[in-house]
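Please work through the exercises below with the sequence and the three-dimensional model open side by side. Each task is followed by a solution that proceeds step by step.

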Amino acid sequence: MAFMENCSGFIRGWGKRAAMAALAAALLPLGAAAEAGTKDAGTDGYTRIWSYSSGNREFDPTLSVVEAGGDGTALYAKRNLYDGGVLEFGKIGPTGKTIWKRDDLAIYEFSLTDGWIVASIHTAGADYRKETIVRIDKKDGGVKSKFLLESIGIERMEKFTADRDRIYIAGGNRLVAVTYDGKVVWEKTWDDYPGADIPMTYETPVLASGDMLLAWTTCSMSQVCGFLEETDYRLSALSPSTGETLWSAAQQVSSSRIEPPAPDAKQIVLENGFEGKMFAYRLADGKKLWEYAVDDEVAWASLDPGIVDPDGRSYVNVIGSGEDGYATERIVALNADGTVAWDIPWNNGSIMNLIGIRPDGSALYWESSEEAIPSVYTVDRRTGKTLAVESYRRPGGAARPLADANDGLFAYPTAAGSVTKDQWFASGEERYFADWRHKAALATRNGAIVGRLTYRGDVNLEVGPDQTAYLSDARTIAAYASTRETASVAVNGRYPPLPRPATVRGGYTYVPVRGVLEQAGASVAWDGVERKVTIAKPGKTVELRIDGAQAIVNGAPAPLEAPAIMDGGSAMLPLRFLVETLDGTVTWDAETRTAWIETP
């Protein structure tokens, strides 16, 4: 995760090594890196369904998954090795059949929206102001609209975001909203600093919700920006449809990009890393809720955007400079109200980067960069205490069993839940990718393991909302489908830990008894001799046997449309009967494959 975005003097060592490794991978023949990563993957609960290759020559384009669909489909891009431009976009279906591909568009910038690929097309050697902006339909790859960038007076489309209806482009001191056929809907202009030729520019705007666009200005001439005060900058919330200013504040934001707030977020936390300040604004009206300032002289202080904290905490990486270069001096955890949860000194001489969180929320994972092969620090999320330190270098080491979602070297969230990883460098000498080993456990949002993959080499893992896993290296994408249909379960807005994932059998969705019922306030008892489950809640007692055709509800028989079953040692009930037992309601979200249960 990046620890800063517009302070050019700071370079994260590990990121630099990773970039060099990627270049070296592209220059090596296929085989040790690519073949090992995608062809030799071991599976548990997964099966390989298709693979796609860009070729096997040294200078063939590199492949990557740019979006995993919830229906087994994947958008991919073939990129030019030298400048990262996209030579081909395509979509692959659940069976591996190419649904569409476009290799007739030279794309060098693009963004994905709900339904569209928004891209700028540039012809090599041509005037860059002659760029064409196109809207490509994700379903069939067709170009639905296009216009020339120079027609709206913007020289280059580098800082932009888009939604279903408009593109919002920051170009110098102008912020322009334009339709996909090139019609300017509204425009904002921020004048240069008064009394001096200090150019002020807009950074990439962010959609905060369906009816709010966040925009902020910065100084684009670093040599003289020090003359400006924080009040010379502007943070604004605008109406995406009209450009009307909803609220505005005199505030410097040092980030060139910020993470969009969650749909239900009440505030947004931002940073001015130059001044070592963090602050929160209420999204509804722009009221500044709190400000935190680092109380000593540091080179930089930055919010680490590695995770979404379950309690709304923010994590501040305080970086100082010394004889050996830049290093993290402290890590500060801020509560949602701006108070300090913990403040831990750091003295390992490296820059720390937040890379994940345990699925149960108990620990954070930080990666150091003090060596060629860095270490992972497991930190108690409540106290900041370091629980474990382990290097990626593990010559001859064996993989963890990953028996549960909290049993890894590190873990991070996915569109379907989480991935728990074990990752290590198997050789005593650094040989780039061939010696990297990986084991990944994919889980639902309840922390229930769906399956595991083992692979080696310089390989990326992407997981779709349907738990389809995609392993990709420089030349090949391989797709793996779960051997069973699974889902996540939320009870009154929370995801209770479950021993097994909710699963579909015979057209019925089955949910583990333990976890869901207890989250809703019911008690559960298991009689292993009679293979009987007893559920008790105020005013209701339910008894049922595994594979039985009926339940006993308050002493009276009640037929079951599907029997209770055992799955991996866990008693499972049909979802509908479970919800009726709780006197609740259930809503199915097909996009996220989540059953939302609400109980009294």
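The exercises move from the whole chain to its sheets, then to a loop residue and to the salt bridges.

**Exercise 1. Describe the chain as a whole, and decide which stretch of residues has pLDDT under 50.**

Step 1. The model is predicted, and its pLDDT averages 85 over the chain, with 87% of the residues scoring at least 70.

Step 2. The chain contains four helices and 49 strands, and of its 600 residues 51% count as buried.

Step 3. The accessible surface amounts to about 26,500 Å², and carbon and sulfur atoms account for 49% of that area. Where contacts between residues at least 6 apart in sequence are considered, 45% of them join residues at least 24 apart.

Step 4. The stretch asked for is residues 1-36, where pLDDT stays under 50 although the model has 73 contacts beyond four places in sequence for these residues. Where pLDDT is low, predicted coordinates should not be read in detail.

**Exercise 2. Establish the strand order of the sheet that contains S1, and find which strands are its edges.**

Step 1. Five strands make up this open sheet, and reading across it gives the order S1-S34-S33-S32-S31, with antiparallel pairing.

Step 2. The edges are strand S1 (42-44) and strand S31 (410-413), since each of them pairs on one side only. Neighbouring strands of the sheet are turned against each other by 15 degrees on average, direction ignored.

Step 3. At the S1 edge, three bridges join S1 to strand S34 (residues 449-456), and the two run antiparallel. Within this pairing, Gly42 has Thr454 of S34 as its bridge partner.

**Exercise 3. Analyse the sheet of S20, S21 and S22, and identify the residues that stand opposite Ile268 and Leu270 in S21.**

Step 1. Three strands form an open, antiparallel sheet in the order S20-S21-S22. Its edge strands are strand S20 (267-272) and strand S22 (288-293), each pairing on one side only, and the twist from one strand to the next averages 15 degrees.

Step 2. Six bridges hold S20 and strand S21 (residues 277-282) in antiparallel pairing. Ile268 has Tyr281 as its bridge partner in S21, while Leu270 stands opposite Phe279.

Step 3. The hairpin of S20 and S21 has four residues between the strands, and in this hairpin Gly276 takes a positive phi near 70 degrees.

**Exercise 4. Is Lys138 buried or exposed, and which residues does Lys138 contact beyond its neighbours within four places in sequence?**

Step 1. Lys138 is placed in the loop between strand S9 (132-137) and strand S10 (143-148).

Step 2. Lys138 has a relative accessibility of 10%, and because the cut-off for buried is under 20%, this lysine counts as buried.

Step 3. Outside its neighbours within four places in sequence, Lys138 is in contact with Glu67, Leu75, Lys91, Trp100, Leu112, Thr113, Gly115, Trp116 and Ile117.

**Exercise 5. Examine selected salt bridges, and state where the partners lie and how exposed they are.**

Step 1. Side chains of opposite charge can pair when their charged atoms come close. The count for the model comes to 27 salt bridges.

Step 2. Asp140 and Lys144 meet through their side chains at 3.5 Å, N to O. Asp140 is partly exposed at a relative accessible area of 41%, and Lys144 is also partly exposed, at 40%.

Step 3. Glu530 and Arg545 form a salt bridge at 2.4 Å, N to O. This pair links distant parts of the chain, with Glu530 in the loop between strand S41 (523-527) and strand S42 (532-537) and Arg545 in strand S43 (residues 540-545), 15 residues apart. Glu530 counts as partly exposed at 38% relative accessibility, as does Arg545 at 42%.

Step 4. In the salt bridge of Arg576 with Glu561, the closest N and O atoms are 3.4 Å apart. Because Arg576 lies in helix H4 (residues 575-581) and Glu561 in the loop between strand S45 (556-559) and strand S46 (565-567), the pair ties together parts that are 15 residues apart in sequence. Arg576 counts as exposed at 53% relative accessibility, whereas Glu561 is partly exposed at 41%.

Step 5. Salt bridges also form a network, which links Arg484, Arg500, Arg505 and Asp567.

Definitions and conventions
Residues are numbered from 1 along each chain as its sequence is written. This is a predicted model: local features need pLDDT of at least 70, side-chain atom pairs count only at pLDDT 80 or more; totals for chains, interfaces and linings use all residues. Side-chain values use heavy atoms; hydrogens and water are left out. Axes are lines fitted to C-alpha atoms, for helices over the stretch in contact, and angles run from 0 to 180 degrees between N-to-C directions. Buried means under 20% relative accessible area, exposed over 50%, partly exposed in between (1.4 Å probe, protein chains only). Contact means heavy atoms within 4.5 Å. Accessible areas come from the Shrake-Rupley method with a 1.4 Å probe; for residues, only the protein chains shown count as cover. pLDDT is the predictor's confidence in each residue, from 0 to 100. A salt bridge is a side-chain nitrogen of Lys or Arg within 4 Å of a carboxyl oxygen of Asp or Glu.
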